[in-house]
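The report that follows is meant to be read with the sequence and the model side by side. It begins with one annotated position and then widens to the rest of the chain.

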Amino acid sequence: MDLLIHSPLSRSSPSLSPFLFNSKNTTLNPVFHSLNFDSRNFQIKLLVSRQNHQLIRAQVSDQIVNDDGFVLEDVPHLTNFLPDLPSYPNPLQKSQAYAIVKKTFVSSEDSVAQNIVVQKDTPRGVHFRRAGPREKVYFKSDEVRACIVTCGGLCPGINTVIREIVCGLNYMYGVDNILGIEGGYKGFYSRNTTTLTPKVVNDIHKRGGTFLCTSRGGHDTNKIVDNIQDRGINQVYIIGGDGTQRGAALIYKEVEKRGLPIAVAGIPKTIDNDIAVIDKSFGFDTAVEEAQRAINAAHVEAESVENGVGIVKLMGRYSGFIAMFATLASRDVDCCLIPESPFYLEGRGGLFDFIEQRLKENGHMVIVVAEGAGQEYVAQNMPGVDEKDASGNRLLLDIGLWLTQKIKDHFSKVRKMTINMKYIDPTYMIRAIPSNASDNIYCTLLAQSAVHGAMAGYTGFTVGPVNSRHAYIPIARVTEATNTVKLTDRMWARLLASTNQPSFLNSSDVLQNDITGAINSMNSNSI
Ligand SMILES: Nc1ncnc2c1ncn2[C@@H]1O[C@H](COP(=O)(O)OP(=O)(O)O)[C@@H](O)[C@H]1O
Ligand SMILES: O=P(O)(O)OC[C@H]1O[C@](O)(COP(=O)(O)O)[C@@H](O)[C@@H]1O
Ligand SMILES: [Mg+2]
């Protein structure tokens, strides 16, 4: 709920905690101020432009705020709009697996801190409800009719999440009425469902992709909720990225509006790791590990010929995390290009200069480029191309082929130098594989946390690890901003130090507001 407040913004407020609100689409550099009105237990967030201190938006959110600055960003519960909903003892109490667990159930007071890098007198800051089994559940096992849907692009581990939701519901809660929705959101109203049992999903985690198939586009809130209602479904597990989670929020809102006792649980998925708040998305580590094979191949090819230049294009539509971490892990990469970091080809300090210098030094070099990097350059050669996919995501121009051709032309026609280009594009390869061991364990905890949350009556939440502890996060929090690489973070500095590539930030860039603004807002959690 947005509330315009005309009160002058007083900087003297003791609990004023300014931080940069670096929204992707806002041309201004507004600063979010949070004023804690402890007496009334709610927080008013003011969005103020940095340039002229004009109030852009104020937001009242129903958070629990204490006088020590502890803010609980809570998630909805079915009893919020169904106060008479009965509860039952959690069947886990009788589970032999949990029989000896010291503290089987998570206390309703348990929360997870969003910021763990603190000083002794800073406010305790934002916390989220800790994920896990509760003493009481709001569904009788034999009354649960759950469904699972997977949406958007692939990433390693989707099948493991599906498998562990089915097995978790069945083994921990005795639920045996679970439907698979096929083909993403539109599967709710355009496809038959498939029955999911532990036997059916037994070994799907060994295969990449999604057992339920997926799609983009096709989200029609009313048609989906009508179908959920008609099928008598009362738990919905939605696996997908930022777009999917926005869709899940609309489904939850419609369920609440209709007053239906249906739990809606979001499970974040994206190969790009572009989802905010959570530590990282499942499958990301597997993808980075798989990318090593492509980078190694490019390095072997480049060092085996005269002036070999290997180029590897990796996924990353708006966020360059895969390229950055694959580069850092490899140590054979000379230059990493990501959507967040501008670069230029010609002139002093440009990429062509750097390639020539590196070839003179080592006789070969490897470039890793995220598919979303340099789009503005490629578009200059293909004016008017601005297509989107069925979900509204930008369709990218092929930076890999464009860059390969540009480098070839420069060295053959301008520098009259022989170079051997080797271009590798493993983008779909790294996301279509099964998840590795550590991601399998991550997917298990994620799936079980979602099941515990839904059974305990929480709804309208996205589950995920925050500082390595799984939590229930309001869906709006994970969709309000895209997780991108911060050029002012130490991790990007580590990359620059490991490749010794130019920062490509010439003096005019550094003077530009958005870079200076970002530099001033050194993320306190940067590692
Ligand atoms: N803002 C939105 N509101 C409702 N549904 C959305 C929204 N954005 C995307 N979706 C739906 O979510 C699904 C997946 O979205 P997409 O962006 O393709 O992948 P991902 O969620 O994995 O990033 C699609 O079916 C799309 O229609
Ligand atoms: O799967 P498509 O439609 O080919 O789209 C490819 C795009 O999907 C992504 O893998 C991300 O997809 P999600 O956001 O759905 O996870 C991008 O890295 C890539 O640019
Ligand atoms: Mg996405």
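Leaving aside its neighbours within four places in sequence, with which residues is Asp242 in contact? In this predicted model, the contacts of Asp242 beyond those neighbours are with Asp274, Ile275 and Thr479. The residue lies in helix α5, which spans residues 242-258, and UniProt, in an unreviewed entry, places the feature "binding site" at Asp242. Asp242 is counted as buried because its relative accessible area, 16%, is under the 20% cut-off.

**Confidence in the model**

The predictor gives the complex an ipTM of 0.98 and a pTM of 0.86. The pLDDT of the chain averages 87, and 83% of the residues score at least 70. Two of the stretches that call for caution are residues 1-43, where the pLDDT is below 50 although the model shows 101 contacts beyond near neighbours in sequence, and residues 518-527, where the pLDDT is again below 50 and 17 such contacts appear. Where pLDDT is low, the predicted coordinates should not be read in detail.

**The chain as a whole**

The chain has 527 residues, of which 54% are buried, and its secondary structure consists of 15 helices and 21 strands. When contacts between residues at least 6 apart in sequence are considered, 73% of them join residues at least 24 apart. About 23,600 Å² of the chain is exposed, and carbon and sulfur atoms supply 51% of that area.

**Nonpolar cores**

In soluble globular proteins, nonpolar side chains tend to be buried together. Here the largest nonpolar core contains 97 residues, and the members that touch the most others are Ile148, Ile165, Tyr237, Ile267 and Phe282. Helix α2, covering residues 158-173, gives the most to this core, with nine residues. The surroundings of Tyr237 can be described in more detail: apart from neighbours within four places in sequence, Tyr237 is in contact with Ala146, Cys147, Ile148, Val149, Ile165, Leu169, Ala265, Ile267, Ala450, Val451 and Ala454. A second, separate core holds 26 residues, including Cys335, Met365, Val369 and Met421.

**Cysteines and the surroundings of Thr499**

Cys335, a member of that second core, also bears on the question of disulfides, of which the structure holds zero. The sulfur of Cys335 has its closest cysteine sulfur in Cys336, at 7.3 Å, and this is too far for a bond because a disulfide requires the two sulfur atoms to be within 2.5 Å. Cys336 likewise is in no disulfide, its nearest cysteine sulfur being that of Cys335.

Cys335 is also one of the residues touched by Thr499, which, not counting residues up to four places away in sequence, touches Thr327, Val333, Asp334, Cys335, Phe354 and Arg358. Thr499 is found in helix α13, which covers residues 490-499. The table sets out the relative accessible areas of the individual residues discussed above for which a value is available.

| Residue | Relative accessible area | Class |
|---|---|---|
| Asp242 | 16% | buried |
| Cys335 | 0% | buried |
| Cys336 | 2% | buried |
| Thr499 | 1% | buried |

Taken together, Asp242, the position with the "binding site" annotation from UniProt, is buried, and Thr499 is likewise buried while touching Cys335, itself a buried residue of the second core.

Terms used
Residues are numbered from 1 along each chain as its sequence is written. Chains are lettered from A and ligands numbered from 1 in the order in which they are written. This is a predicted model: local features need pLDDT of at least 70, side-chain atom pairs count only at pLDDT 80 or more; totals for chains, interfaces and linings use all residues. Side-chain values use heavy atoms; hydrogens and water are left out. A nonpolar core is a set of buried Ala, Val, Leu, Ile, Met, Phe, Trp, Tyr and Cys residues joined through side-chain atoms within 4.5 Å. Buried means under 20% relative accessible area, exposed over 50%, partly exposed in between (1.4 Å probe, protein chains only). Helices (H or I, at least four residues) and strands (E, at least two) are DSSP runs, numbered from the N terminus. Contact means heavy atoms within 4.5 Å. UniProt positions are given in the numbering used here, feature names are shortened, and annotations may be inferred rather than shown by experiment. pLDDT is the predictor's confidence in each residue, from 0 to 100. Accessible areas come from the Shrake-Rupley method with a 1.4 Å probe; for residues, only the protein chains shown count as cover.
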